[in-house]
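The following exercises introduce a single protein chain. Please work through each task with the sequence and the model in view before reading its solution.

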Amino acid sequence: MVALVSRTGRHLQRYNKDRRQVVGCIPYRYRGDEDEKLEVLLISSQRQGKGMLFPKGGWETDESLNQAALRETEEEAGVLGKLENILGIWHFQSKSQDAYMFPLLVTKQLEFWPEQAFRQRTWMSVTEAKAVCHHSWMKEALDELVKRLALVKEGGEGVGTCTLS
């Protein structure tokens with residue numbers, strides 16, 4: 001077995017005009033038979049009392065945006081999958097960050113992952129996720145995901161493999 005270790009430190013972090021560039025995913029899957037039920041994966045914050053959130057972290061200078069999204073999701077949530085087109089970019093004034101968020105259709109849930117000692121992961125419905133997300137930007141990103149998936153179900157555009165670098 002190969003042990004994956006989380007990256008640490010900020011010496012390789014990307015910045016844009018003093019704004020830290022972060023990237024993450026909303027991992028999702030469908031459960032059930034006839035009426036496939038959409039579920040999203042949230043993880044606990046490493047800081048006590050900060051609630052549940054989507055996996056995200058720093059975009060580093062030696063990786064593409066896609067690679068960073070997949071790495072952060074594997075490190076923090078222990079899942080792998082198909083990265084889809086970007087949902088959007090959210091700007092945080094309080095933390096001076098730009099967050100690039102992607103949907104990730106989960107194809108594999110790992111038994112062991114780098115941050116399993118620090119994080120709990122929980123699958124939940126969209127309604128449940130909205131109730132436990134403390135940040136409005138996460139709710140907005142979740143709404144974007146739901147809209148996109150509804151379009152796809154109706155035969156519209158919206159999902160594809162991400163090509164940003």
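**Exercise 1. Charges over rings**

Over the face of which residue does Arg121 lie, and at what distance from the ring centre?

Solution. The structure is a predicted model. Arg121 lies over the face of Trp113, and the distance from the ring centre is 3.8 Å. A further case involves Arg29, whose charged end sits over the ring of Trp123, 3.9 Å from its centre.

**Exercise 2. The partners of strand β8**

Determine which strands pair with β8 and in which sense.

Solution.
1. Begin with strand β2 (residues 19–31): nine bridges join it to strand β8 (residues 97–109), and the two run parallel. Within β2, Val23 stands opposite Tyr100 of β8.
2. Continue with strand β6 (residues 79–83), which pairs with β8 in the antiparallel sense over five bridges. Here Lys82 is opposite Leu105 in β8.
3. Finish with strand β7 (residues 88–92), where five bridges to β8 give an antiparallel pairing. Phe92 stands opposite Gln97 in β8.

**Exercise 3. Helix α1**

Compare the span of helix α1 with its expected value, and decide whether the helix is enclosed or open.

Solution.
1. Helix α1 (residues 65–77) has 13 residues, and at 1.5 Å a residue it should span 18 Å. The C-alpha atoms at its ends are 18 Å apart, which agrees.
2. Ten of the 13 residues are buried, so α1 is largely enclosed by the rest of the structure. Among the buried residues are Leu65, Ala68, Arg71 and Glu75.
3. The cover over the buried residues of α1 includes β2, β3 (37–44), β5 (56–58), β6, β8 and β9 (121–125).
4. After the helix comes Gly78, which has a positive phi, near 70 degrees.

**Exercise 4. Aromatic pairs**

State how many aromatic pairs the structure holds, and describe two of them.

Solution.
1. There are three aromatic pairs in the structure. In one of them, Trp59 and Tyr100 meet edge-to-face, with 5.7 Å from centre to centre and 80 degrees between the planes.
2. This pair links distant parts of the chain, 41 residues apart: Trp59 is in the loop between β5 and α1, and Tyr100 is in strand β8. Both Trp59 and Tyr100 are buried.
3. The rings of Trp90 and Trp137 have centres 6.3 Å apart and planes at 45 degrees, so this pair is tilted.
4. Trp90 in strand β7 and Trp137 in helix α3 (residues 136–153) are 47 residues apart, and their pair also links distant parts of the chain. Trp90 is buried, with a relative accessible area of 10%, and Trp137 counts as buried at 9% relative accessibility.

Terms used
Residues are numbered from 1 along each chain as its sequence is written. This is a predicted model: local features need pLDDT of at least 70, side-chain atom pairs count only at pLDDT 80 or more; totals for chains, interfaces and linings use all residues. Side-chain values use heavy atoms; hydrogens and water are left out. Two strands pair if DSSP finds at least two bridges between them. Helices (H or I, at least four residues) and strands (E, at least two) are DSSP runs, numbered from the N terminus. The expected span of a helix is 1.5 Å times one less than its number of residues. Buried means under 20% relative accessible area, exposed over 50%, partly exposed in between (1.4 Å probe, protein chains only). Contact means heavy atoms within 4.5 Å. Rings of Phe, Tyr and Trp (its six-membered ring) pair if their centres lie within 6.5 Å; planes under 30 degrees apart count as stacked, over 60 as edge-to-face and the rest as tilted. A charge sits over a ring if NZ of Lys or CZ of Arg is within 6 Å of the ring centre and within 35 degrees of the ring normal.
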